[in-house]
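Got the model open in your viewer? Here is a short tour, one selection at a time.

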Amino acid sequence: MSATANQAFAAAESGADHGASGKGASGKASEKTSKSDPKTVKRLRPPAAKSVGWALVQAARLHRARVGDRLAALDLFAGQEQVVQALAAAGSMTMGDLAATLRVRPPTASKTISRLAALGFVERRAEAGDGRIVRVRLTEAGLAKAAAIERIWDEVEAELLEGFDNKERRRLRKLLRRAARGLAEAAGVTGHEADHEMDADGEPDDDEADALLGPPAADGVATAP
């Protein structure tokens, strides 16, 4: 190879090395920029981060996990406690009424009842005068579980609503009920009538509650009119 060729080759190699070095430096700079660029950071957020549904799912998942951790000590799984609570409130229910209350399909409710019956927490009895109708009720062991479940829900409720005042809690509850009704109606799921009854249980809305409390006192504590 001639000296001229060697020089040309060396120059090419030097240029390639310089280009690679420049590219590496540029890549590092680009990487550094991408890490600090707010637009890039924003792209890493969940695609539905601004969605109400996304926030609701996240809150529900965390709530379910917190309740589930405590239910394990009662030999129950998350979801089963809702059946126990419904039966504790109603005394006894048909499978259809239970499914409508929980907004699930009857086979799903029946499967859960079978599992709870195997644990000795519920029992089935034929309706007096009509053996075709089966009613479900809690056993003594089930009633004891219901009391423990209520304490668990109160504990998690306190965690969930920490920092919320009474007005915010009422408003959140009403908005969630309205959202649930809308989804239930869209899906053709029965049982949302009960929520209409709960909304009409005499609990004052936000404006009515403010009127009942009266104007706030100087120290921020409401006074009776």
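Start by selecting Thr-94 and Arg-135: Arg-135, in strand 3, is the bridge partner of Thr-94. Keep in mind as you click around that this is a predicted model.

Now widen the selection to strand 1 and strand 3 (residues 130-138). The two run antiparallel, and three bridges join them.

Next, bring in the rest of the sheet. What is the order of the strands? Reading across, you get 1-3-2, three strands in an open sheet with antiparallel pairing. Colour strand 1 (92-94) and strand 2 (122-127) to mark the edges: each has a single partner strand, so one side of each has no neighbour in the sheet. Turn the view to look across the strands, and you can follow a twist that averages 35 degrees from one strand to the next.

Time to add some helices. Show helix 4, which packs on the sheet and touches strand 1, strand 2 and strand 3. Its direction makes about 115 degrees with that of strand 1. Then show helix 5, which also packs on the sheet, with contacts to strand 1, strand 2 and strand 3. For helix 5, the angle with the direction of strand 1 is about 95 degrees.

Leave the sheet for a moment and go to the loops. Select the one between helix 3 (52-71) and helix 4 (80-90), and pick out Asp-75 there. Check its backbone: phi is positive, about 65 degrees, though Asp-75 is not a glycine. That is worth a pause, because most residues other than glycine have a negative phi. Is Asp-75 buried or exposed? Asp-75 is exposed, with a relative accessible area of 52%.

Hop along to the loop between helix 5 (95-102) and helix 6 (106-118), where you will find Arg-103. Arg-103 is another non-glycine residue with a positive phi, here about 60 degrees. Switch on the surface and Arg-103 comes out as partly exposed, with a relative accessible area of 29%.

Last stop: His-63, which sits in helix 3. With a relative accessible area of 16%, His-63 counts as buried because that is under the 20% cut-off. Which residues is His-63 in contact with, leaving aside its neighbours within four places in sequence? Select Trp-153, Val-156 and Leu-160 to see them.

Terms used: Residues numbered from 1 in each chain as written. Predicted model: local features only at pLDDT ≥ 70, side-chain atom pairs only at ≥ 80, totals over all residues. Heavy atoms only, no water. Helix = DSSP H or I, 4+ residues; strand = E, 2+ residues; numbered from the N terminus. Buried < 20%, exposed > 50% of the residue type's maximum accessible area, 1.4 Å probe, protein only. Contact = heavy atoms within 4.5 Å. Pairing = 2+ DSSP bridges. Axes fitted to C-alpha atoms, helices over the stretch in contact; angles between N-to-C directions.
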